[in-house]
Amino acid sequence: MTMDNELVLIGKTGYSTNAIGDAIPTETKTTVLCGIKSITRTEHYQAAAHGLKPELVFVVSKWDYQGEKEVEFEGERYNVLRTYEPKTSKGLGDFETLELVCEGVANRGNT
């Protein structure tokens with residue numbers, strides 16, 4: 001698989017407060033290269049049975065991923081539902097990859 005797309009991994013490093021005292025999460029953003037796969041039909045229906053709506057699978061180097069729960073791709077935010085480390089290799093670098101199964105974030109609480 002070619003890693004010819006950019007994905008932004010978004011980590012939370014703590015909280016700061018705004019002018020009225022609300023706790024605001026502090027984000028760190030790291031841009032990495034990724035590949036993109038489709039959700040399989042089986043996974044789509046199994047996830048839907050549990051109220052989840054996976055949309056995309058991003059394939060990243062397992063050395064780049066540090067447990068981030070949000071990512072950004074082409075200006076859209078996604079939540080990481082689960083990760084998967086393939087046990088078999090289809091190519092030379094596949095043994096060092098990690099799949100991030102993600103669902104889109106509608107409006108992040110903004111109106």
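Two strands pair if DSSP finds at least two bridges between them. Helices (H or I, at least four residues) and strands (E, at least two) are DSSP runs, numbered from the N terminus. The model is predicted: local features need pLDDT of at least 70, side-chain atom pairs count only at pLDDT 80 or more, and totals for chains, interfaces and linings use all residues. Residues are numbered from 1 along each chain as its sequence is written, and side-chain values use heavy atoms, with hydrogens and water left out.

**Exercise 1. Describe the overall fold of the protein chain and the confidence of the model.**

Step 1. The protein chain contains one helix and six strands. Along the sequence these follow the pattern β-β-α-β-β-β-β.

Step 2. The six strands close into a barrel with antiparallel pairing, in the order β1-β2-β3-β6-β5-β4. From one strand to the next, the twist averages 45 degrees (axes are lines fitted to C-alpha atoms, for helices over the stretch in contact, and angles run from 0 to 180 degrees between N-to-C directions).

Step 3. The chain averages a pLDDT of 85, and 87% of the residues score at least 70; pLDDT is the predictor's confidence in each residue, from 0 to 100. Confidence is lowest in helix α1 (residues 41-48), with a mean of 73, and highest in β4, at 96.

**Exercise 2. Place strand β3 among its neighbours and explain why it is largely enclosed.**

Step 1. Strand β2 (residues 23-38) runs antiparallel to β3 and is joined to it by four bridges. Here isoleucine 36 stands opposite phenylalanine 58.

Step 2. With strand β6 (residues 97-104), β3 pairs in the antiparallel sense over six bridges. In β6, leucine 100 is the bridge partner of phenylalanine 58, and leucine 98 is that of valine 60.

Step 3. Buried means under 20% relative accessible area, exposed over 50%, and partly exposed in between (1.4 Å probe, protein chains only). Strand β3 (residues 56-61) is largely enclosed by the rest of the structure because six of its six residues are buried.

**Exercise 3. Identify the main residues of the largest nonpolar core and the strands that supply it.**

Step 1. A nonpolar core is a set of buried Ala, Val, Leu, Ile, Met, Phe, Trp, Tyr and Cys residues joined through side-chain atoms within 4.5 Å. The largest has 15 residues, and those with the most contacts inside it are Leu7, Phe58, Val60, Val71 and Leu100.

Step 2. At least two residues of this core come from each of β1 (5-17), β2, β3, β4 (70-73), β5 (76-84) and β6.

Step 3. Contact means heavy atoms within 4.5 Å. Not counting residues up to four places away in sequence, valine 71 touches residues including Leu7, Phe58, Tyr78 and Leu100.

**Exercise 4. Decide whether glutamate 70 and lysine 62 are buried, partly exposed or exposed.**

Step 1. Glutamate 70 is found in strand β4. Its relative accessibility is 11%, so glutamate 70 counts as buried.

Step 2. The side chains of glutamate 70 and lysine 12 are joined by a polar contact of 3.2 Å. Such a contact is a pair of N or O atoms within 3.5 Å; within protein, one must be able to donate a hydrogen and the other to accept it, and residues adjacent in sequence count only if both atoms are side-chain atoms.

Step 3. Lysine 62 lies in the loop between β3 and β4. Its relative accessible area is 26%, so lysine 62 is partly exposed.
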